[in-house]
Amino acid sequence: MRIFLYFLVYFLIPQICWTHQYLPIDRIPDWKLKNDGNIGPSYGQPEQIRISYGGDPSVSFVTWQTFDDTLQSIVEYGSDWKFLNQSVLGRCSVFLDRNKNSVWRYIHRANLTALVPGQTYYYHVGSEHGWSPIYFFTALKERRNDGGGYIYAVYGDLGVENGRSLGTIQKMAQRGELDMVLHVGDFAYNMDESNGETGDEFLRQIEPISAYIPYMATVGNHEYFNNFTHFVNRFTMPNSDHNLFYSYDLGHAHFVVFSTEFYFWTQWGFHQIKHQFDWLIEDLKACNGA
Ligand SMILES: [Fe+2]
């Protein structure tokens with residue numbers, strides 16, 4: 001099965017691939033092929049839990065990673081941490097970054113919908129092969145105090161080494177002093193390094209932020225490797241399968257996120273510059289016309 005998937009990911013899917021490669025629901029993982037009830041995934045423990053804004057305050061995306069196929073991707077949630085009475089089944093995509101010793105990463109995504117703005121939800125993610133700790137988040141709602149609106153932390157250039165602001169942002173996120181993070185480029189330094197372990201380390205380090213408030217990502221030059229493949233495959237942004245350019249509304253603001261990197265990394269083709277430009281014009285037209 002793994003050889004088949006390897007073939008699929010490497011040869012049938014074009015190199016410049018901007019969509020997540022979701023595994024079929026009816027797949028049979030390697031460990032199940034062994035037909036031994038005592039054998040499960042070699043690494044089914046979820047990690048790198050992060051939420052992102054779904055483009056509407058009633059929608060939240062939850063993303064996490066495992067190092068083996070857990071077959072199911074589940075979020076259990078509820079307004080009481082002792083009673084996670086709601087459950088949603090997500091999807092799993094496989095990610096091979098084409099590094100020399102490319103690691104199999106399983107990226108799980110689930111959408112929580114019909115959330116009530118202002119309500120706090122407790123949740124954990126995983127499958128019968130491993131569950132995360134229980135975290136919580138509050139569905140986005142405009143503040144009554146602090147001058148109204150929303151409070152954003154906007155920054156770029158945060159790496160796994162010497163991340164001096166990490167502790168402060170983590171504490172503010174957990175105390176409800178921030179509503180959302182906008183990380184505007186340059187993650188981990190770099191996510192592709194050490195066969196992607198640097199990316200894994202970074203996403204573990206930000207989990208005490210990203211598990212509590214939406215962590216929104218914009219691509220930077222440090223994500224250039226293999227046409228931004230780590231950025232495309234690891235994150236889940238609204239109204240986009242690739243995270244490279246997208247837009248969303250929150251409150252009175254229309255947020256437009258796009259890549260200035262396309263102009264510097266033209267070895268992957270000029271078509272993405274045009275594609276993005278066309279999208280931007282249409283997005284702004286629609287926004288102004290609304
Ligand atoms: Fe930078």
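Biologist: Of the 290 residues of the protein, what percentage count as buried?
Modeller: Keep in mind that this is a predicted model. A residue is called buried if 20 or more other C-beta atoms lie within 10 Å of its own. Of the 290 residues, the share that counts as buried is 35%.

Biologist: Why is the protein described as being as compact as a globular protein of that length?
Modeller: Happy to explain! The protein has 7 helices and 16 strands. For 290 residues the globule rule gives 19 Å, and the protein is as compact as a globular protein of that length because its radius of gyration is close to that, at 19 Å.

Biologist: Which residues does UniProt give for the domain "Purple acid phosphatase N-terminal", and how much of that stretch is strand?
Modeller: The unreviewed UniProt entry places this domain at residues 46-138. Over residues 46-138, the end C-alpha atoms are 22 Å apart. Helix makes up 0% of the chain there, and strand makes up 54%.

Biologist: In the open sheet of 4 strands, which are the edge strands?
Modeller: The order of this sheet is β1-β2-β6-β5, with antiparallel pairing. An edge strand pairs on one side only, and that holds for β1 (47-53) and β5 (91-95). From one strand to the next, the twist averages 20°. The edge strands, then, are β1 and β5.

Biologist: And which residue in β2 is the bridge partner of serine 52?
Modeller: Strands of a sheet pair through backbone hydrogen bonds. Here β1 and β2 (residues 60-66) run antiparallel and are joined by 5 bridges. In β2, the bridge partner of serine 52 is phenylalanine 61.

Methods:
Residues numbered from 1 in each chain as written. Predicted model: local features only at pLDDT ≥ 70, side-chain atom pairs only at ≥ 80, totals over all residues. UniProt positions renumbered as here; feature names shortened; annotations may be inferred. Helix = DSSP H or I, 4+ residues; strand = E, 2+ residues; numbered from the N terminus. Pairing = 2+ DSSP bridges. Axes fitted to C-alpha atoms, helices over the stretch in contact; angles between N-to-C directions. Rg over C-alpha atoms; globule rule 2.2 N^0.38 Å. Buried ≥ 20, exposed ≤ 12 C-beta atoms within 10 Å, placed from the backbone.
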